[in-house]
Structure formats: structure tokens, C-alpha cells
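Reader: I'd like a close look at a single part of this one, please. Stay with the metal chemistry first, then wander outwards as you see fit.

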Amino acid sequence: MAEKDKEELRRKFSADPDRYYKVELFTREGFSRRRCRGCGRYFWTLGDREFCPEYPCSTYTFLGDPPTKRRIGYVEAWKLIESFFVERGHASIKRYPVVCRWRPDLYFTVASIVNFQRVEGGRVVFELPANPLIVPQICLRFNDIPSVGVTGRHYTSFCMIGQHSIPTDGQGYWKDRCIELDFELLVRAFGIPKEEVIFLEDVWLGYGAFGYSLEYHVRGLELGNAVFTEFLGDPSNAVEMKEKVVDMGAGLERFSWISTGKPTSYDTTFDYVLPKLLDRCKVEYDEELLLRYYKQSAGFDYAEGKTPIKAGEEVDALWRKIEPLQALYTLLDHTRTLTFAIADGGLPSNVAGGYNLRVILRRALSILERFRFDITLGELIEMHILGLAQIYPELSEHRDEVKTILSVEEQKYLKTKERIAKIIEKLKRESKPLTEERVITLYESEGIQPEELVKHKIISAVPEEFYKKVTEKHLGVRVAQPEKPRFDLNGIPPTHLLYYVDERMLSFQARVLKILEGRYVILDRTAFYPRSGGQEPDLGTIGLSRVIDVEKQGQVVLHLVDKPSFKEGDVVDCSVDEERRARLTRHHTATHIVNGAARRLLGSWVWQHSAYKDVDRARLDITHFEHLSDEQLKAIEDLANRVVRANLSVVKETLPRGEAEAKYGFRIYQGGVVPGREVRIVNIIDWDVEACGGTHCNSTGEVGYIKILRSERIQDGVERIEFAAGAPAVEYAQKMEGYVKAVAKILGAQEDKVVQVVDELKRGLDEARRVKRSIAKKLVNLELKQIAQEAKPIKNLMLKLNDEPGLDDEYHILFGEAAISLYPNLIYIGLAVVNERAKVLVFSGSEAVKSGVNAGLLAKALSKQIGGSGGGDAKFGQGGGAADKVKELSAKVEEIVREMLGGE
Ligand SMILES: [Zn+2]
Ligand SMILES: [Zn+2]
């Protein structure tokens with residue numbers, strides 16, 4: 001949303017403060033409403049202030065002078081806030097994953113309210129698992145990377161304390177109670193004097209909803225923002241919500257910071273590791289100096305390549321001390337983000353959200369290198385897991401996975417380093433300065449960090465907003481716009497889906513409601529499964545017509561038939577092709593089984609990326625960081641077949657979305673977000689649970705047998721596994737067996753000896769080739785002696801044509817090369833027939849080339865004569881054509897060469 005729209009909305013809400021902003025607390029405590037003399041915005045205060053608390057009207061005044069009675073550490077701050085709200089009737093819930101699987105437009109959870117937003121029929125809905133609640137939600141944001149570790153307050157991940165409530169009968173509360181609680185938290189729990197708390201009027205425009213908000217600030221630091229989401233849609237087209245939402249978000253990082261008054265918020269956020277780390281990495285921490293520096297620069301927006309130090313300071317000395325410290329802060333931020341992201345199933349890659357993870361990972365590695373810090377990523381991860389265990393105990397369960405992924409990425413980085421060093425050497429020799437575009441390309445396609453280019457003095461500074469530019473593309477929306485509906489289905493009721501009522505029902509009667517374009521049939525009910533969720537459609541018959549394709553538009557199923565044998569209003573007998581359905585169902589069920597096997601064997605980062613199920617094979621694309629080896633594929637296949645033999649029950653149930661998520665977690669969204677209030681859960685008991693609308697067997701035994709056919713890498717971080725299940729798997733095994741039998745028959749060997757026999761044959765063949773080559777060499781030496789007599793003189797040159805049957809291209813190459821080095825004025829042309837194709841080989845000695853005989857062109861001209869093509873360079877050319885025309889060609893060779901030399 002543009003800043004202009006926000007400004008306009010703010011003016012609108014501030015024009016009626018009694019309706020929107022005035023809460024009971026303000027009246028009771030005697031807050032007065034003021035207009036900022038600097039920027040004109042409105043704020044509420046108990047003190048006597050003329051300026052609003054936001055930069056540049058105010059700056060941080062708490063650094064070195066905190067307004068609280070005591071100092072509160074990071075983890076302790078959460079415990080304090082948690083017990084405050086729990087004592088006042090809130091449920092404290094566990095954080096949601098930072099990889100956002102429930103909203104199609106986001107890769108990462110960017111705010112606590114995102115946890116509770118779902119999309120239903122294109123509209124956003126809010127659902128709270130408890131009301132009211134609080135949550136320590138880790139949020140990931142990648143739009144300020146260069147400011148992270150530098151400004152004192154920017155992060156790629158931070159903990160948003162979410163305080164959420166929906167006022168309904170007997171539950172939840174609205175703005176009066178919210179502000180009352182937040183004020184009490186600051187004053188009572190944190191001991192901040194009342195007069196220090198300022199509320200600033202603001203607005204908030206979010207995903208499909210908006211409202212007004214009160215930001216609360218203390219000594220220039222914004223601690224939280226209480227948003228009162230009251231309207232759906234956008235300001236030009238809004239409806240009041242039936243259930244309004246309190247969306248208060250506050251940075252935990254700031255709550256402990258305000259109580260310590262340390263130079264940066266990193267000093268308190270990472271208090272569990274920083275002292276140890278400073279010591280190990282031998283970085284000096286001069287608090288007095290830092291306070292001086294940050295008092296001056298905090299609140300200023302940091303732009304890349306610029307330092308906010310005022311002139312006159314001893315810039316160099318200051319910078320020498322601050323730079324390594326900022327590098328440490330950055331390192332801590334990036335590794336904390338990676339710990340959460342990978343623990344929640346995120347995978348660094350070159351595409352989509354994974355791209356941002358790789359950006360910060362490579363930044364972290366290059367910091368370690370540049371500053372020669374004596375610590376590894378693995379150790380840093382360990383420190384985060386331990387230090388945060390009281391708030392996020394779940395991290396320790398994923399310790400090994402996080403470390404595995406990081407070490408894989410580190411190896412990849414080291415591999416590219418050598419290549420990078422070479423490119424940098426080359427760039428150093430270039431005289432032209434690099435354009436910004438080039439710097440971006442070097443980063444994106446070669447992985448060269450701009451800091452590296454600065455270090456080698458190839459560029460003077462990191463281009464402004466560099467990281468913003470490279471990460472922006474990968475921040476958001478991955479939702480494709482829905483295709484324009486093909487048919488106008490207005491007034492047609494949703495098709496009753498019989499395959500959900502009883503998957504075994506394959507014959508049924510239905511009424512023909514409509515026939516579109518003469519061939520698309522709409523029934524009142526159907527057992528035909530339409531193409532969706534990667535599963536191909538059912539086929540069969542409607543009346544006497546053949547069903548060729550089935551698809552769904554909205555809630556209506558469209559059956560494409562070859563030729564309707566009925567008319568609208570008729571009741572018809574329908575029949576689904578049983579064998580086809582069974583095959584699709586087995587393949588679909590096998591997809592769930594293979595997915596579960598891959599996840600167990602490879603790691604928790606394995607998610608279904610996409611899937612496709614056809615009649616004779618299926619494929620599952622999973623997120624994984626390397627190409628699967630034959631051993632890994634075999635292990636997946638073995639495990640999958642064990643699940644088949646265990647004959648586990650497959651239970652299908654439809655549950656309210658919130659209940660399904662609470663019961664099974666977000667793993668259910670393997671196939672993406674389900675856009676409805678209810679989800680159909682397919683539960684392979686003790687193996688795999690997914691939200692899925694396809695057709696599935698009732699037990700894994702029905703799948704019969706799973707055979708993995710092949711795998712391939714389809715994009716960075718995504719591996720495709722192709723497999724067959726049931727009859728097609730057996731057919732595949734039989735086909736392979738047929739190949740082995742055929743080979744055995746040709747070899748006259750037993751089937752189990754085929755490999756051994758082929759291996760022996762191969763070795764024999766290699767040996768024969770070697771012998772042939774040495775005989776040819778001897779022959780060449782002999783023949784070379786006669787060439788001077790045999791060659792035909794043309795002008796100052798000699799032409800030797802050799803079309804003797806039985807010689808092959810290898811011989812001609814051996815001979816031609818030797819001949820032209822001995823006789824610079826020789827043109828040697830070899831014609832051979834190999835595997836029933838003619839081969840033309842032309843060699844032109846250095847004198848011959850000078851006289852105008854280009855071997856490549858000559859080969860081309862000769863090949864053309866026999867209906868083929870050829871080419872090459874000046875000295876050597878080759879081509880080919882029809883074998884039966886070789887004789888004809890031999891007769892013409894001399895004429896063609898003469899032509900090339902410019903006739904007689
Ligand atoms: Zn102001
Ligand atoms: Zn499924």
C-alpha cells in the first residue's frame with residue numbers, strides 16, 4: 001500500500017479521535033491529545049510534550065539511561081510478559097513455524113497475526129485457537145539486510161510478542177482493555193513511569209483488512225503497536241468486520257533493551273552468548289565508546305555504504321572498534337534466523353524463499369572469513385539452541401538437521417570459492433569500472449558478494465540498497481493469478497461429488513443439467529474424479545458416450561464426451577473405468593508413502609514440492625539439497641515397500657481446518673494451502689498425514705508394489721522421483737527382465753552372468769581397438785612413403801584420394817594428420833563407409849590452405865554431393881552422406897577440388 005494512501009487514511013481516522021483512538025484509559029488517567037509540532041501527527045501523553053515520539057521529531061534518550069528500575073534479560077523479559085498476560089486470562093500458545101505453509105502469498109511468517117489468517121474464497125478470515133492469547137512468534141523479514149547488525153535495532157528474525165483477541169460474547173476484548181493491559185505491562189511489570197509512555201495515532205493496512213492503531217513509545221523507542229482491525233477490504237471499498245481483531249505486536253528485543261539501555265538491542269537480545277563470543281573472537285567491547293556512537297547514530301536510517309559518524313570524530317579509530325562488533329551482531333542475527341528457518345523445514349536454495357536463506361548464510365560465512373573469527377556456524381547454532389531453550393525448547397529436536405544443512409551449504413560455498421577467486425583476478429585486470437547491474441549479476445549468477453569486490457578494490461563501496469534489490473524479488477507473492485474461468489456457470493449448482501461419499505461407487509445414475517459447447521456435460525452428481533491435485537481424471541462412459549476428459553471449474557465438474565448420446569434433462573447411466581481409477585488411486589496413495597519414506601530417510605527439510613499421478617507412472621518432487629544416489633533411492637524404495645507390506649490403514653476424514661492444524665500440525669499442507677473452512681485429511685496411520693482431495697486406497701497393502709524408476713534434479717533444491725505402483729510397477733520389472741533375457745540370448749550366456757560376460761566382452765573390444773590402432777600406425781608409415789608417387793599433382797599442390805574399402809575414419813584421421821605434416825602441399829581426402837553411412841574426411845596441408853583449399857568447406861561441398869552435410873576448420877573437415885553414392889563421389893573429387901582452386 002502506498003504511503004500516500006496510508007497518509008490519507010491516517011488523516012481520516014485522526015479527524016474523529018473519539019470514535020477511533022480515545023480509549024477508557026486516556027480518560028481515566030488524564031492523557032491529553034497533542035499535535036506534533038514537527039510532523040503534525042497526533043499523540044496521547046500524560047506529560048507536557050510538543051513533539052511526537054518518532055524520529056526525527058524525537059531520538060533515543062534511553063541509551064545509557066533506562067527508565068526501568070531494574071535490568072531485564074531477553075529470556076527473562078518473555079517470562080515476565082508471559083506471566084503478566086497469563087495471570088490476566090490469556091492463553092500462552094507455542095510459536096507457529098517461521099516457514100509459512102498456510103498462506104499462499106508468503107514464504108515466511110512476517111508477523112504474529114499471520115498465524116491466525118486463512119484465506120477462504122478469496123477473503124481473509126481470522127481464527128484464534130484461544131481467545132485472548134499471547135504468542136512469542138519468531139518472524140522473518142529480509143528487506144533490511146544491510147541494516148542488520150549495524151543500526152542497533154534491525155534483524156532478519158525477531159520475536160514478535162503477539163497479543164490477540166476477538167471480542168465476542170463472553171470472550172476476548174476490544175481496544176479499551178487492550179490498551180489498559182499494555183499500559184499496565186509497561187508501568188506495573190516493567191516499572192516504567194507513566195509519564196514516559198506515549199501513544200501515537202497510526203493506521204494499519206494489511207492483507208485484505210485494515211484498521212487504526214496506537215503505537216506505544218518510551219524515550220523515543222517504539223515498543224509495540226496495538227492494531228484494531230475493524231474493516232475488511234481496502235479503504236475505498238470497506239465493510240465492517242463482524243468479528244474485529246486486536247492485533248498487538250511488540251518486539252521482545254525492545255522490551256529487554258529499554259530496561260538495560262545498552263548501546264544496541266543486540267547486546268540484550270544475544271545476552272546468552274555475546275560475552276563468551278567477544279572473548280573467543282577477541283573483539284573489544286568499549287561500552288562508553290559504543291554509547292557515544294549509538295546515541296549519535298541510533299534512530300538514523302542506515303544506508304549501505306554510508307556511516308553515520310559525524311565528521312570530526314576520530315573516524316578510523318572508532319570504525320576499527322565498531323566494525324568487528326557489528327560483524328558479530330550480524331553473524332548472531334543470521335545464524336539465529338537460519339536455526340529457526342531450517343528447524344522449520346526451510347532449505348537454502350537459488351529460488352523463492354530459499355534464496356534469502358542462502359543470502360544470509362553466505363553473508364555469515366564471508367563474515368567468519370573476513371574477520372577471521374575463531375568460531376564455526378555449528379557452534380553458533382548450538383549457542384542459540386541452548387540460550388533460547390526456555391522459550392523455544394523445540395529447537396533442540398532439530399539440532400542435527402540444522403547442522404547437516406549448514407555443513408552442506410558450507411561445502412557448496414567452499415567449492416565456488418576457487419572459481420570466485422579466478423573471476424576476481426580477471427575483474428582486477430579490467431579497466432572499466434563495474435556497473436551496478438554487473439555487480440548484481442556477479443552476485444546472482446556467480447555468488448560473489450559485493451563486500452568481496454570492495455575488499456579487492458574493484459568497487460569502492462557496496463551499491464546503495466544492494467541487498468534490498470537482490471532479495472526483493474524473492475520476498476513475496478508466489479500465487480499465480482487464477483485463470484479466467486472458461487465457462488459461464490452462473491446459476492448451475494455445485495456438482496454433488498460421489499467419490500467423496502463412497503470411493504468404491506463406480507456406476508451411478510445422474511441427471512444431465514447442461515451440455516456446453518455441444519460436448520461438455522454437467523451432471524447433478526458424479527463419481528468421475530476431475531483432474532486436480534496432480535491426479536489425472538477418471539474416464540468411462542455417460543450413457544452411450546465416451547468420457548474423454550474430466551475437469552472442475554469452481555464447484556462444478558465438467559465431463560468432456562466424444563459425442564453426446566443424450567440431451568439436457570435426461571437421466572443417464574454412468575460408469576467409471578475401474579482399472580484406470582484403481583491405477584490412479586494406487587499411484588496417488590504411493591505418493592504419500594514415498595513422501596513419508598523420503599522424509600524419514602533424508603531429513604525434515606523434505607517437503608512435497610509438487611506431484612503428478614498418471615495411469616502408468618507417477619512422480620513426486622521433493623525439496624532436498626543434492627541429487628539422490630542410487631543407494632538413497634533403493635533405501636526409499638525398500639522403506640516404501642515395507643509400508644505397503646505392513647498394510648497400514650488409510651483413514652480419510654473431513655475436519656474443521658483449525659482442528660486439523662491443531663491435531664496434525666502444518667505438515668498436512670504438503671500439497672499447498674487448502675482454501676476452505678474444512679479440510680479433508682488423508683491419514684496413513686503412523687506414517688503420513690496430509691490434507692488431500694484425491695482418491696486413495698483404504699490400506700497401504702492395496703498399492704501392491706512400488707518401484708522407483710528414476711530421479712532427476714529439476715531445479716536447485718528440488719529432486720524429482722519417478723515411480724510406478726501396482727500393475728505398472730510389475731510391468732516395469734517384467735520389461736526390464738525382458739531386456740536382460742534378450743541380452744543373455746544374444747550373448748549365449750546365463751542371465752545372472754550377463755554383467756560378467758558383457759564386462760569381458762568390453763575388455764576384449766578395448767584390447768582389439770588398441771591392436772588395430774597400432775597396426776594402422778604401422779600401415780600409415782608404410783603408405784606415407786608412397787604418397788609422393790601416388791598423389792595427383794594439381795597446379796602446385798598434390799591431391800590424394802583414398803576410397804579403398806575396409807578402411808575406417810580412424811585410419812583416415814591417423815593417416816591424414818601424418819601426411820599433411822610431412823607434405824604441406826598435400827590435400828588428403830578419405831572416403832569410408834562405417835555402419836552403412838558414408839564418411840568424408842578432408843585434410844589440407846599448410847601450403848594447400850594458403851592456396852585456397854579450406855578443408856572444412858571442401859568437406860561440406862563433398863558431403864553435399866552425397867546428400868549430407870559437413871564442416872570443419874581450414875586444416876581438417878569432415879562430413880557424411882549416403883553410402884551408395886560414394887563411388888559417384890570418388891569420380892567427382894578432382895573436379896570439385898579444381899573448382900575450389902579457381903578452375904584451370
Ligand atoms: Zn512528529
Ligand atoms: Zn493424496
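How are the donor residues of the zinc ion (ligand 2) spaced in sequence?

Author: The spacing reads H-x3-H-x99-C-x3-H. Before going further: this is a predicted model, with local features needing pLDDT of at least 70 and side-chain atom pairs counting only at pLDDT 80 or more, while totals for chains, interfaces and linings use all residues. Residues are numbered from 1 along each chain as written, chains are lettered from A and ligands numbered from 1 in written order, and side-chain values use heavy atoms, without hydrogens or water.

Put names on that pattern and you get His 588 and His 592, both through NE2, then Cys 692 through SG and His 696 through NE2. They lie 2.0 to 2.1 Å from the zinc ion (ligand 2). (Donors are N, O and S atoms within 2.8 Å of the metal, or 3.2 Å for Na, K and Ca; water isn't among the atoms, so a site may look incomplete.) The four donor atoms subtend angles of 98 to 132° around this zinc ion, so the arrangement is tetrahedral, a label that asks for four donors with all angles between 85 and 135 degrees.

Now look at where two of those donors come from. His 592 belongs to helix H18 (578–602), whereas His 696 sits in the loop between strand S24 (688–691) and strand S25 (706–715), so the pair ties together parts that are 104 residues apart in sequence. (Helices and strands are DSSP runs of at least four and at least two residues, numbered from the N terminus.) Both histidines are buried, meaning under 20% relative accessible area with a 1.4 Å probe and protein chains only; over 50% would be exposed, and partly exposed is in between.

Stay with His 696 for a moment. Its relative accessibility is 2%, which is why it counts as buried. Not counting residues up to four places away in sequence, His 696 touches Glu 503, Thr 585, His 588, Thr 589, His 592, Val 650, Lys 652, Arg 680 and Val 682; a contact here means heavy atoms within 4.5 Å. For a sense of scale, the C-alpha atoms of His 696 and Leu 368 are separated by 50 Å, and the two residues are 328 apart along the chain.

Back on H18, the helix of His 592, you'll also find Arg 583. At 13% relative accessibility, Arg 583 counts as buried. Leaving aside neighbours within four places in sequence, Arg 583 is in contact with Asp 614, Val 615, Asp 616, Ala 727, Pro 728 and Glu 731.

It's fun to set the other zinc ion (ligand 1) beside this one. Its site is built from Cys 36, Cys 39, Cys 52 and Cys 57, each through SG, at 2.2 to 2.3 Å. Angles of 102 to 116° among the four donor atoms make the site of ligand 1 tetrahedral. For reference, the ideal angle for four tetrahedral donors is 109.5 degrees. The spacing for ligand 1 is C-x2-C-x12-C-x4-C. Here Cys 36, in the loop between strand S1 (32–35) and strand S2 (42–45), pairs with Cys 52, in the loop between S2 and H4, and their positions lie 16 residues apart in sequence. Both Cys 36 and Cys 52 are buried.

One last stop, away from the metals: helix H6 (252–260). Eight of its nine residues are buried, so H6 is largely enclosed by the rest of the structure. Among the buried ones are Leu 252, Phe 255, Trp 257 and Ile 258. After H6 comes Gly 261, with a positive phi near 65°.

Notes. Four donors count as tetrahedral if all angles lie between 85 and 135 degrees; four count as square planar and six as octahedral if opposite donors are over 155 degrees apart and all others between 65 and 115; anything else is irregular.
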